[in-house]
Amino acid sequence: MKPIEIERPWISKKLGLKVLGSVFVVFILAFALLAIFGFYTGGTVNIQSVDVSFSGHKINSYSYAYGKTTFSSGEKIILNVELKNIGGTNITNITGVKTIGNGFSVTLNHHSFQLTGGVKTIPVLITMPDHNYAGNLSLEFMVS
């Protein structure tokens, strides 16, 4: 008995190698385009919590969890910081803000704020560091 031969034209025409080669070319082109348009440059910044302290010793320091968004390195955002006057109902003037390490750059969005006995949310302009970072954002507010 003679075995039945099944025609497989892709073997004789080497279509399998051509398809495999074209798949490699498509992947190489895709990654080259991503590299050209800068999708691989820069890092990411993850702020997991915000540490708030004050230059005056009358108001206690505290932290609160943040961890909401992943930012690009070098990105500028406005972060609404929750300020609590734990020291009592005295009126406190917030005149400035600075960051403690980690490469962040921060400024108040307005010149000054008044903080009374409750909780107040104030906008702070933050420039992310130019490197990858995951951790706390430590802010110190200047009071007068």
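This report walks through the fold, one sheet, the salt bridge and the nonpolar core of the protein chain.

The model is a predicted one. Going by secondary structure, the protein chain has two helices and nine strands. Reading from the N terminus, the order is α-α-β-β-β-β-β-β-β-β-β, with both helices ahead of the strands. There are 144 residues in the protein chain, and 29% of them are buried. The accessible surface is about 9,800 Å², and carbon and sulfur atoms account for 59% of it. Take the contacts between residues at least 6 apart in sequence: 68% of them join residues at least 24 apart.

**The β4-β8-β6 sheet**

Here is an open sheet of three strands, in the order β4-β8-β6, with antiparallel pairing. β4 and β6 are the edge strands, each of them pairing on one side only. From one strand to the next, the twist averages 35°. As a general point, strands of a sheet pair through backbone hydrogen bonds, and they can do so parallel or antiparallel.

The two pairings look like this:

| Strand | Partner strand | Bridges | Direction |
|---|---|---|---|
| β4 (residues 76-84) | β8 (residues 119-127) | nine bridges | antiparallel |
| β6 (residues 105-108) | β8 | four bridges | antiparallel |

If you want to trace the register by eye, a few residue pairs help. On the β4 side, K76 stands opposite T127 in β8, and N80 has P123 of β8 as its bridge partner. Over on the β6 side, T107 is bridged to L125 in β8.

**The salt bridge**

How many salt bridges does the count come to? Just one salt bridge. K98 and E140 form it, and their closest N and O atoms are 3.7 Å apart. K98 belongs to strand β5 (residues 92-99) and E140 to strand β9 (residues 133-143), so the pair ties together parts that are 42 residues apart in sequence.

Is E140 buried or exposed? With a relative accessible area of 18%, E140 is buried, because the cut-off for that label is under 20%. K98 has 42% relative accessibility and counts as partly exposed.

S53, in strand β1, touches this pair's β9 member: setting aside neighbours within four places in sequence, S53 is in contact with S61, I100, L139, E140 and F141. S53 counts as buried too, at 16% relative accessibility.

**The nonpolar core**

Now for the inside. The largest nonpolar core has 29 residues, and L83 and F141 are the ones that touch the most other members. The elements giving two or more residues to this core are β1 (44-54), β2 (62-65), β4, β5, β6, β7 (113-115), β8 and β9. β1 gives the most, with five residues. In general terms, nonpolar side chains tend to be buried together in soluble globular proteins.

L83 is a handy place to start looking. Leaving out neighbours within four places in sequence, the contacts of L83 are V52, F54, Y62, I94, L115, G118, V119, K120, I122 and F141. So F141 turns up in two of these contact lists, that of L83 and that of S53.

Note on methods:
Residues are numbered from 1 along each chain as its sequence is written. This is a predicted model: local features need pLDDT of at least 70, side-chain atom pairs count only at pLDDT 80 or more; totals for chains, interfaces and linings use all residues. Side-chain values use heavy atoms; hydrogens and water are left out. Two strands pair if DSSP finds at least two bridges between them. Axes are lines fitted to C-alpha atoms, for helices over the stretch in contact, and angles run from 0 to 180 degrees between N-to-C directions. Buried means under 20% relative accessible area, exposed over 50%, partly exposed in between (1.4 Å probe, protein chains only). Contact means heavy atoms within 4.5 Å. Accessible areas come from the Shrake-Rupley method with a 1.4 Å probe; for residues, only the protein chains shown count as cover. A salt bridge is a side-chain nitrogen of Lys or Arg within 4 Å of a carboxyl oxygen of Asp or Glu. A nonpolar core is a set of buried Ala, Val, Leu, Ile, Met, Phe, Trp, Tyr and Cys residues joined through side-chain atoms within 4.5 Å.
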